[in-house]
Amino acid sequence: MYAEERQQAIADEVRRVGRASVADLAGRFSVTSETVRRDLATLERAGHLQRVHGGAVRPGLIRVVAEQGLDVRETTHVDRKLTIGMAAMKFLPPNGGSVLFDAGSTTFQAATALPHGHGLTLITNSIPIAGVLTDHADGFVHAIGGRVRGLTQATVGADAIAAIHRLRVSTAFIGTNGVTARHGLSTPYPEEAAVKQAMVSSADQVVVLADSSKMGREDLVRFASLDEVDVLITDSAVSPSDAAELADHGIEVVLA
């Protein structure tokens, strides 16, 4: 196979699957890793892919973008988020347990789906979610203090992180902007990432709520590795390869 044919095949593979590793490509085309890296460099200059550590991804897959406000997120993939929020109820702890709700539009749907008569302690750093949880008078609701970030209506900063570090909760429902095996869970905003990281560390069970559009996306700041996740609830549009990759990390993948 000529170099041009091999490079075209590599470009087609990355465009179709979204990513490719140097090791896999070297084995497939019976060439050295150095040859593959030169091919990737050539294809990157032509705009066909974006090189990353150990391989390449589809152009634009890794990006730093302007973060969407809560008002925009609440109108995006609404049906998916609703079904994910309802599926999350399967992972509520027994009566007397505690649940920590991360800020976000999908975790908001989980809070909305919460049944009465649960007898749980409910905790959140989200102002909108706190309002929803107060409708459940049979449980105790705690709002985490701190500086309120207007874009997401979530409390962030040192006070919020310190309050979370004092907790040990049964279950944490965590939102994320991106999910990949290489970069884990990520979000564009460092202060929100710090709060999410504290939440993951404080929970006996970490349940990530993320629709399929978040799969394969990497944002600026990683706040958890996949090894720190117990369950990931997503929608049926997730690709089989993404679901298998998550399962390989010992995560229970639930398709809502």
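## Exposure classes and the case of Q153

A residue is called buried here when its relative accessible area is under 20%, exposed when that area is over 50%, and partly exposed when it falls in between. Q153 has a relative accessibility of 34% and therefore counts as partly exposed. Q153 is placed in the loop between β7, residues 147–149, and β8, residues 154–156, and its phi is positive, at about 55°, although Q153 is not a glycine.

A second loop residue can be described in the same terms. S30 lies between α2, residues 22–29, and α3, residues 33–45, and this non-glycine residue likewise has a positive phi, near 55°. S30 has a relative accessibility of 67%, and because the exposed class begins over 50%, S30 counts as exposed.

## Model and confidence

The structure described here is a predicted model, and the confidence values should be kept in mind when any local detail is read. The average pLDDT of the protein is 89, and 92% of the residues reach a score of at least 70. Over residues 70–75, by contrast, the pLDDT is below 50, although this stretch still has 13 contacts in the model beyond its near neighbours in sequence.

## Overall architecture

The C-alpha trace of the protein spans about 70 × 30 × 30 Å along its principal axes, and its secondary structure amounts to 10 helices and 15 strands. Of the 256 residues, 51% count as buried. When contacts between residues at least 6 apart in sequence are considered, 63% of them join residues that are at least 24 apart.

## The annotated segment

An unreviewed UniProt entry lists residues 3–58 as "domain: HTH deoR-type". In the model this span is 64% helix and 16% strand, and the C-alpha atoms at its two ends lie 20 Å apart.

Helix α1 covers residues 3–17 and includes V17, whose relative accessible area of 34% lies between the two cut-offs, so that V17 is classed as partly exposed. V17 and L185 are 168 residues apart along the chain, and their C-alpha atoms are separated by 20 Å. For A9 and I174, which are 165 residues apart in sequence, the C-alpha to C-alpha distance is 38 Å.

## Nonpolar cores

In soluble globular proteins, nonpolar side chains tend to be buried together. In this model the largest nonpolar core holds 30 residues, and those with the most contacts inside it are L100, I174, V179, L185 and V208. Two or more residues of this core come from each of α8 (158–165), β9 (169–175), α9 (190–202), β12 (203–209) and β13 (221–224), with α9 giving the most, namely five residues. Apart from this core lies another one of 22 residues, among them F91, V99, A111 and V254.

Two members of the largest core can be followed through their contacts, leaving aside residues up to four places away in sequence. I174 sits in strand β9 and counts as buried because its relative accessible area is 0%; its partners are D102, T107, M199, V200, V206, V207, V208, L209 and F223. V179 touches a set of residues that includes G184, L185, A210, K214 and M215, as well as L226, L232 and L246.

## An exposed position in α8

Helix α8 is one of the elements that give two or more residues to the largest core, and A158 is found in this helix. Which exposure class does A158 belong to? With a relative accessibility of 65%, which is over the 50% cut-off, A158 counts as exposed. The C-alpha atoms of A158 and Q50 are 36 Å apart in space, and the two residues are 108 positions apart in sequence.

## Aromatic rings and charges

A search of the whole structure returns one aromatic pair. Charged side chains are also placed over aromatic faces: R149 lies over the face of Y189, at 3.4 Å from the ring centre, and K196 lies over the face of F223, at 5.5 Å from the ring centre. F223 also appears among the residues that I174 touches.

Note on methods. Residues numbered from 1 in each chain as written. Predicted model: local features only at pLDDT ≥ 70, side-chain atom pairs only at ≥ 80, totals over all residues. Heavy atoms only, no water. UniProt positions renumbered as here; feature names shortened; annotations may be inferred. Helix = DSSP H or I, 4+ residues; strand = E, 2+ residues; numbered from the N terminus. Phe/Tyr/Trp six-rings, centres within 6.5 Å; stacked < 30°, edge-to-face > 60°. Lys NZ or Arg CZ within 6 Å of the ring centre and 35° of its normal. pLDDT = per-residue confidence, 0-100. Contact = heavy atoms within 4.5 Å. Core = buried A, V, L, I, M, F, W, Y, C linked by side-chain atoms within 4.5 Å. Buried < 20%, exposed > 50% of the residue type's maximum accessible area, 1.4 Å probe, protein only.
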